[in-house]
Amino acid sequence: MQEQNRLNQVKAEGKNFLRSFEEEDLKQLLESRGFPVYRAQQITAWLWQKGESNVDKWTDLPKDLRAWIKEHSEVDTLRLTDNLQSQDDTVKFTFALADEANVEIESVLIPSRDGKRNTLCVSSQAGCAIGCTFCATGTLGLLKNLKWYHILEQLVHVQKATGKRITNVVFMGMGEPMQNLKNVITAIRKMHKYFNLGYRHITVSTVGIPKGIIKLADELPKVRLALSLHSAIQYKREQIIPLAQAISLEQIVDALKYYYEKHGRWLTYEYVLLPGFNDSKEDANALVEMGYKVPAKINIIPFNPFPEAPFRAPTKREIYRFAAMLERKYPYPVTVRMPRGRDIAGACGQLALLHKRKILESLQER
Ligand code: SAH
Ligand code: SF4
C-alpha cells in the first residue's frame, strides 16, 4: 500500500527520477507496467554499482524497456554544475538539485598523498540551520534537507568525473547530518551495499545532538563518529555554537559514552582552532578532561577564514603551540589537519562561499 502511494505521488509530481526509487519501489513500478520484476536489479546495478546515467548504455535491458524508461523518467537527481581542481589535488564539485536548480550543494574529493585512499566529503543538507559563527555554511541557514539519493549520487558523479574509486566518506560537507538522520542512515547503508564501502570507512561528523548520536549508535555502530567540539568549556561553546545553549556538554558526553560502548574504538573530537578564543592553557586543560570522559583522538583544524568571518586563521606557531600543550597531557593521539583545497574554497567550513557570492550577486541585480 505504501509503495502504491509512493508511485501515485511520483506520478502526481509529474516527475520520475529513477534514482529516487528504492529497489522495491522499482519492482512495483515495473510490475505495474508489465515488465518482469528482476529487471529492477539490473537497473539498480546500472544506477549505482556501475554509475551509468545514460540509459542507452544499459544494453542488457530490452529496447522497449529502455524506451519506456526514457519516455517516463529522468535518471539523475543532481546536476554537476562545477568542478574545481586545487593545486594540492583536492577537487571541489558543485551540484544543483535536478528539480530545484537554485539549490546547490558541494562535495570535496581529497585523495591521500600516497594515492591509496580517496576520501569524499559529502553534504547532507543544503545550508545548515545550526549557524555556528565560524562556519560559512552556517551563514546560509537551512535551504533543504537532502534525500538519501542526493547524498548517494554525489559518489556516482565524482567517481565518473575522476575515474577514481572512493574508498572513504566523511559527512563533513554542508549540513548537520543528525538533523537529516533518516536520509543519512539510508545513504550509508546503500554506500555499503552498492559501493562496497566498509562502515568503518565512513565518518559522521556532528555538532553534538544526543538523540541522533544514540540513534546512529543503535542503527550503525560501526560507523565512525566525530564530534565537533571546538571548546570543552560550556560557556565558550555557547558563544560559537548557538545550539550549545540548549544542549549541554554533559548531555553530549552521555550520548558519546553510549556510542563508544557500541563502537568500541576511539571517537574523534574536532577542534577548530580560533586564535585568541579557544587556544589558551585553560582550553587545553578542559580538552584533556574530555579525553578522560570519552576516549577520542583530537583533530585540530586550523580555522579557514572566509570574507566577514569573525576570526582570523591561526599562525603555524599558534597551531603548534596549542598542539604541544595538549600532547603533553592528552591521553590519546592529537593530530593537526592541515588545510587542503583552500585555493578553491574547498576546505572545511568554506563550502558556502560560492552560494553566498551568488546570493549577493542576485540581490545586486534586483
Ligand atoms: N555539521 C557537522 C558537519 C559539517 S561541518 C559538524 O559541524 O560537525 C564539518 C567540520 O568543519 C566541522 O568540524 C566544522 O566545525 C568544521 N568547520 C566549519 N567551519 C570551519 C572553518 N571556517 N574552518 C575550519 N573548520 C570549519
Ligand atoms: Fe552547521 Fe556544522 Fe557549519 Fe555548525 S559547523 S553551521 S553544524 S555545518
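Before anything else, a word we will need: a residue is called buried when its relative accessible area is under 20%. With that in hand, let me take you through this structure, which is a predicted model, beginning with one helix and then moving on to a loop, the two ligands and the cysteines.

The helix is α3, and nine of its eleven residues are buried, so that by the cut-off I just gave the helix is mostly covered. If you would like to find them on the screen, the buried residues are Arg39, Ala40, Gln42, Ile43, Thr44, Ala45, Trp46, Leu47 and Trp48. What do they pack against? The buried residues of α3 pack against four other helices, namely α2, which spans 23–32, α4, α5 at 148–162, and α6 at 181–195. Just after α3 comes Gly51, and its phi angle is positive, near 60°.

Staying in that region, please look at Val55, which sits in the loop that joins α3, residues 39–49, to α4, residues 63–72. Is Val55 buried or exposed? Its relative accessible area is 6%, and because the limit for buried is 20%, Val55 counts as buried. Setting aside residues up to four places away in sequence, Val55 touches Arg66, Ile69, Lys70 and Val75. There is also a distance worth noting here, since the C-alpha atoms of Val55 and Ala67 are 8.7 Å apart, while the two residues are separated by twelve places along the chain.

Let us turn to ligand 1. It is surrounded by 20 residues, and the closest of these are Phe134, Ser205, Ser228, His230 and Asn304. By class, this shell is made up of ten nonpolar, eight polar and two charged residues. Which side chains come up when we look at individual atoms of the ligand? An oxygen atom of ligand 1 lies 2.6 Å from an N or O atom in the side chain of Ser205, and for the side chain of Glu270 the corresponding distance, again from an oxygen atom of the ligand, is 3.1 Å. For Glu176, the ligand atom is a nitrogen, and the distance to an N or O atom of the side chain is 3.1 Å. Taken alone, ligand 1 would expose 530 Å², and the protein buries 96% of that area. The elements that contribute two or more residues to its shell are the strands β8 (202–206), β10 (267–273) and β11 (296–302).

Ligand 2 has its own surroundings, which are Cys128, Ile130, Gly131, Cys132, Cys135, Gly138, Gly175, Glu176 and Val207. This shell divides into five nonpolar, three polar and one charged residues.

Some of these names return when we move to Pro242, which is placed in the loop between α8 (234–240) and α9 (249–263). Leaving out its neighbours within four places in sequence, Pro242 is in contact with Ile130, Gly131 and Cys132. Pro242 and Ile130 are 112 residues apart along the chain, yet their C-alpha atoms are separated by 6.8 Å. As for its accessibility, Pro242 has a relative accessible area of 36%, so it counts as partly exposed.

Finally, the cysteines. A disulfide is a covalent bond between the sulfur atoms of two cysteines. How many disulfides does a search of the whole structure find? The search finds zero. Two cysteines that we can place by accessibility are Cys121, buried at 6%, and Cys135, which at 19% is also buried, because the limit is 20%.

How values were computed: Residues are numbered from 1 along each chain as its sequence is written. Chains are lettered from A and ligands numbered from 1 in the order in which they are written. This is a predicted model: local features need pLDDT of at least 70, side-chain atom pairs count only at pLDDT 80 or more; totals for chains, interfaces and linings use all residues. Side-chain values use heavy atoms; hydrogens and water are left out. A residue is near a molecule or strand if one of its heavy atoms lies within 4 Å of it. A polar contact is a pair of N or O atoms within 3.5 Å; within protein, one must be able to donate a hydrogen and the other to accept it, and residues adjacent in sequence count only if both atoms are side-chain atoms. Accessible areas come from the Shrake-Rupley method with a 1.4 Å probe; for residues, only the protein chains shown count as cover. Ala, Val, Leu, Ile, Met, Phe, Trp, Tyr, Cys and Pro count as nonpolar, Asp, Glu, Lys and Arg as charged, and the others, Gly among them, as polar. A disulfide is a pair of cysteine sulfur atoms within 2.5 Å. Buried means under 20% relative accessible area, exposed over 50%, partly exposed in between (1.4 Å probe, protein chains only). Contact means heavy atoms within 4.5 Å.
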